[in-house]
Structure formats: C-alpha cells, structure tokens
Amino acid sequence: MTQHIAQEPYIALKGISKAYNIGGQAVPIFSGLDLCIPHGDFVAVMGPSGSGKSTLLNMLAGIDRPDAGSLRIGASHLDQMGEAARSSWRAHHMGIVFQFYNLLPILTAAENVELPLLLKPLSRRERRIRVERVLDLVGLGGRERQYPGVMSGGQQQRVGIARAIVCDPGLLLCDEPTGDLDRKSADEILEMLCFLNRQLGKTIVMVTHDPQAALHAKRTLHLDKGDFVEERRAA
Amino acid sequence: MTFFDLARKNAWRKPLRTLLLMVCIAVAFLIYGLAASFVAGAQGAAGASDELLGVMSATGRTQPLPMALMPRIAADPEVAAVGYMTRMRGFIEVEKNVVAVSAVDPGLLMSVNGKELGLTADLVDAIGQARENVLVGRALADAQGWTAGQRIAVTTFDIAKQDGSRDWRFEIAGIFEGENASTDTYFMIGRYDYVNAVRARGKDTVDAFIVRPQASAVPDLAAHIDQLFANSAAPTRTQSEKQFLEAFLRQYADIGMIVNLVTGAAFVTVLMIVVNTMVFAVRERLFEIGVLKTLGFSQTRIVALILGETLFVFAIGGGCGLALAKLATVFAGPNLGLVFSPLVFAKALAILLVLGFATGALPALNAIRTPIINAFRSR
C-alpha cells in the first residue's frame, strides 16, 4: 500500500475497501487504499484491466460506495451520504467525461450541454448564455443545433466536456476520454483538459490506458491489483 | 429546453410507436366518451325530471288508468298541477322507423311539464287550432327532416281507429326544443281529445298522469298518491320521471353496468399495452438513465421524467379521443341521446391522469431501482 500525501488534500481516500460478489464469492478490489489529491491537481490513473481504475472513478463520482474506509471530496463525505445526497453532490460539484461521450442522441449539442443546468434554479436565458459560453470555450460555437449523430468523435467529446463543465464543478472525472479518438483529436481533447486544469483550476482525475495521454497530467499513478504501485510526476 | 421538452423528446424517440400508442389510447377514450355520453343522456333519463311524478297502473305500464282518477289526484293539496297522457307507438312508412306520439291536453301539459319540454304559449295555441295538429320534438324533427306545416302519417302498432285503420294523419303545428340538450325530444305531442274520440277501444283512459308537486310537497308524495288508490279497481304506482325512465331502460339491460364493463375492458387493455411498451421503452434507454443519474438527476426527477412522458402520451391520445367523442355528440348527439356533459369530461380527465400515472409507475420504478453501475452495463 502506497500513501500519496499532499498538502491541502481536496480528495482524501483513507482505508478504502471494496469487494464485488462474483458467483457467490467476494472478490476484493481494494483493501485499505489511501489517496490524497490536492486542489487543482491533474492526476492520471493507469493500470491493467481489472486493477480497479473504473471502480476508483465510480467511487469518486459517488455512483459506487466503498465497503469500508472514508472518502472525502472537498467538505463532502461521500461514504456517509445517501443516494439523494450523492445525486445532489454530483449535480453541484462534479463533472464527468465518458470514453464514448454518452450524449443523448435525441438532443442537440446545446441541449445535451444544458442537461445538468436543468437541475439548477436558472432562467432559460441564463441557461442559454452558459451553454453558448462553454460551447465557445470548447470550440463548438455555431454548432449548437447539431445532433450528436452528425458530429465526429472529437466534436462529440468536446460536447461531453462542455456538459461536464457547464455547471462549473471543482472536480472533473474523465474515464478514458481519448479512448475512442484518433491521435489528433485525442491531443486536442487533452490540450483542452490541460487548459481547464491550468486556466480554470479544475481538479482532474483521468483514467487512461494511453501513456501519451497520461503525459499531459501533472502526475500519474499506476494501479495494480487494487493498490498504487508507482507514481510519476511530470517534469 | 425545459424538463417537459426532455420528456416530450423522449416520448417522440420512436414516432411510429408513440403514434400507435396514442391511437390506442384515443380509441379507448373515444369508446369511453361515447359510452359515458350515452349513459349521461340515457335516452333522456338524465334530462328527465327528478321532480315530476308519473302515476301509472300498478299492474303494468301497458295497463291504462281511468280518467276518473284525475280529480282525486288534483285535489291533493301537495299537488300543484296534473296532466295526463296516452302514449301511441307507431312508425313512419317503414316499421323500423319508429316514432311515439304522446296524446295530451296541451294546456295541462304546459302547466305541468311545459318548461322542461320547452313549450311556449304560441306552440300551445298552434296545436289548439285543429284536432290533428301535433308538436314535434327537435330531435325527431331533425332526424325525419320535418318542418312545421308538413303533413305526416303514423301507423300505430297497438291503437286502432274505429274504422279499423291504424293510420293516423297529423299536421305539424310547431317544433318544441326541450329545455336543454339532454331533454328527450324524440317524440311528438298530439291531442288527447282527438285520439280519444277516434280510437276504437280504451276510451276515457290514459297511460299515465303527470304530477307536478307543490314546492313544499312532502318527500313521500308518490306513496301518498298510491295510497289513495290502493284498494280501488285501478291501483297505481307513482314514480319520478327519472326513476321511470331508468327502470324502463333496465327492462332491456343494465346499461350503466354494460358501459362500465366495456370501458373497463378497453382501459385495462390500454393499461396493459402502454405499460408493456413503456417498460420496454425505458429498458431500451436504461443506459441513458444511468447517464442522467450520473449528471445528478435524482430519483424523483427520473420518476417525474418517465411519468411526464406517459402523461404526455395519454394527454395527446386521450385528448384526441375525447375531442372525437365530443364531436360525435355534437353531430349525432340529439339522435342517439348522447350528452357529453362537464361531468363526463371531468371523469375522463381523472381516468386519464390515473392511467397516465399507473402506466408510468412500473417503468419508473424499474428505472430508479437500477443502480447506475448496472445501467452502464446495459448497453
């Protein structure tokens, strides 16, 4: 077990244990995992399949709960929250970028981005202004009315990023954000994440298999068999 | 975009499927609208007075009562006015074109029942001009295409003339409208003095006396009237007009129960179809529901989204069905006795809401019970 202690931890996992019941047998994923991520960090998490990357991300997103241990993000103790409180927390504090974008095909780019804003007490005009601003930010100004089906993978991922940041969350979780993209598009997306981290101060945790993607992060953690085995800091 | 827009777009995700669902719901509500309008109209029973009393023979509705009973009924201090009536049933040209003529004293009928039938002094004057004159109800006049001044011939089923003929010739002196849409106007008003003078048998008898009680009359006036003739040669049975019509209809069938069964079956079928379709529709996009939950949509909002979707489908489908039912009552209502009353509409609206919620409940429950992790695995 490796400890990653940094000053002013924004994310603090302590003694996290998690096991899945597979075929009536408890298969442990984590047994006492610790992790600290300071505010404004950009962390890439790498590791082989089955190492627990996705489980870690799901727990950070509050869509899965640890069996034991404490999980704090900002002032919120996710391990102690019920389903409703975690939903509300996700709506206000976290944005997520998926590998396969996960846009709703029946909605336009602007409407997809607007989805999280429906949970906030904003007028229609305020929502529209915010949506236009983030679509401009990700370089998709003028494509508000396009449906995901007619967009390239890179463009869809930009919409996904716009959706993730439209509520201005402090934490951005990225699940293989470049896994479905060509190199050029992948680099553009990674540059955008770097911009969000450096210019807007977002804390980013990115799960990836791609070593080149991981190079964009400030530090890379290697996860294997439910534990961090290596840490590399960017030069 | 609003929350409702999202529900609406989800509903239109597969337009053909949604359209078929709406048609299915529209048909069910059309059936309900027509059936409920029929019950509300109940061939005039709904428009029939609960206040007016009909005095008939206790031995059977087809048994006549002697005219001599009238003074004793009229003498009762609880009675405001009394009229009488002999009902002639017959047909125009072909036997299936059945009509009825109520042979009355027009003046007495005016005082007893004139307001409900929409009789005016001019109409009473008009029928008084000649013995063969009749007043025709609006529904009957429209159905037959008759106008005032026209001469008609009614062939009666049961009342023969002294010469053996059953053909009765009348002249239409006017058309009465009825107090409102639910008033039965599918009959004619003729003159009793003419019918009584010409008919071969049953002279000086009537089929019923019509009684308007005093405003302050005791509630059991009907029983009181029956008591007057309890031990006479012509015992009576007194009922309100409404009770009479409802009992009359029940001779053939309990229409209310039939309507409830038919509409109940239609709604249960719709419920099954829509629930089944919605369960599949929600299951198909369980992944997207997982995405929405990840974005922070609470269970309450997911439930509201799915219920909103089913309510949208029911509102459009049910609305179309009820609009068609309303149109049918406007165009064919008077002939068929259909009355699309505000109560029918309110009941339909309540059913629509209940069915909308009921059909959305199961898929909504499935959606919220599925953990996000499992929802993501469903793709």
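**Helices 4 and 5 of chain B**

I started with how helix 4 and helix 5 of chain B lie against each other, in what is a predicted model. Helix 4 covers residues 106-117 and helix 5 covers residues 121-128; they pack at an angle of about 160 degrees, with axes 10 Å apart. The two are therefore roughly antiparallel to each other. My note on that wording: under 35 degrees counts as roughly parallel, over 145 as roughly antiparallel, 65 to 115 as roughly perpendicular, and the rest as oblique. Axes are lines fitted to C-alpha atoms, for helices over the stretch in contact, and angles run from 0 to 180 degrees between N-to-C directions. Helices (H or I, at least four residues) and strands (E, at least two) are DSSP runs, numbered from the N terminus.

I then looked up the crossing: helix 4 of chain B passes helix 5 of chain B in a right-handed one. Right-handed is when the near helix is turned clockwise from the far one by less than a right angle, left-handed when anticlockwise. Which residues touch? From helix 4 of chain B I found B:Pro106, B:Gly107 and B:Met110, and from helix 5 of chain B there are B:Ala121, B:Val124 and B:Ile127. Contact here means heavy atoms within 4.5 Å. I sorted these residues into 5 nonpolar, 1 polar and no charged. For that sorting, Ala, Val, Leu, Ile, Met, Phe, Trp, Tyr, Cys and Pro count as nonpolar, Asp, Glu, Lys and Arg as charged, and the others, Gly among them, as polar.

**Ground rules and confidence**

Residues are numbered from 1 along each chain as its sequence is written, and chains are lettered from A and ligands numbered from 1 in the order written. Local features need pLDDT of at least 70 and side-chain atom pairs 80 or more, while totals for chains, interfaces and linings use all residues; side-chain values use heavy atoms, with hydrogens and water left out.

I checked pLDDT, the predictor's confidence in each residue from 0 to 100. Chain A has a mean of 89, and 96% of its residues reach 70 or more. Over residues 1-6 of chain A the pLDDT is below 50, and this stretch has 18 contacts in the model beyond near neighbours in sequence. Among the elements of chain A, helix 3 (residues 109-114) has the highest mean, 96, and strand 10 (residues 227-233) the lowest, 78.

**Two sheets in chain A**

I traced an open sheet of 4 strands, order 2-1-4-5, with antiparallel pairing. Strand 2 (25-38) and strand 5 (76-77) of chain A stand at its edges with a single partner strand each, so one side of each has no neighbour in the sheet. Strands pair if DSSP finds at least two bridges between them. Strand 1 (residues 9-22) of chain A is joined to strand 2 of chain A by 11 bridges, and I picked out A:Lys18 standing opposite A:Phe30. Helix 1 (residues 53-60) of chain A packs on this sheet, touching strand 1, strand 2 and strand 4 (68-73) of chain A.

How many strands has the other open sheet? I get 6, in the order 6-7-8-3-9-10, with mixed pairing. Strand 6 (94-97) and strand 10 of chain A are at the edges. Neighbouring strands are turned by 20 degrees against each other on average, direction ignored. Strand 9 (residues 219-224) of chain A runs antiparallel to strand 10 of chain A, with 6 bridges; A:Leu221 faces A:Glu231 there. Helix 1 of chain A lies across strands of this sheet too, including strand 7 (171-175) of chain A, to which it runs at about 150 degrees. Helix 5 (residues 153-165) of chain A touches strand 6 and strand 7 of chain A.

**Two more helix pairs**

In chain A, helix 5 and helix 6 (residues 183-200) pack at about 15 degrees, axes 10 Å apart, and are therefore roughly parallel to each other. I noted a right-handed crossing again for helix 5 of chain A over helix 6 of chain A. Their contact residues divide into 6 nonpolar, 3 polar and 2 charged.

In chain B, I looked at helix 10 (residues 255-284) and helix 13 (residues 342-369), which pack at about 30 degrees with axes 9 Å apart. This crossing is right-handed. Among the touching residues are B:Phe267 and B:Leu271 of helix 10 of chain B and B:Ile351 and B:Leu355 of helix 13 of chain B. I count 13 nonpolar, 2 polar and no charged residues in that contact.
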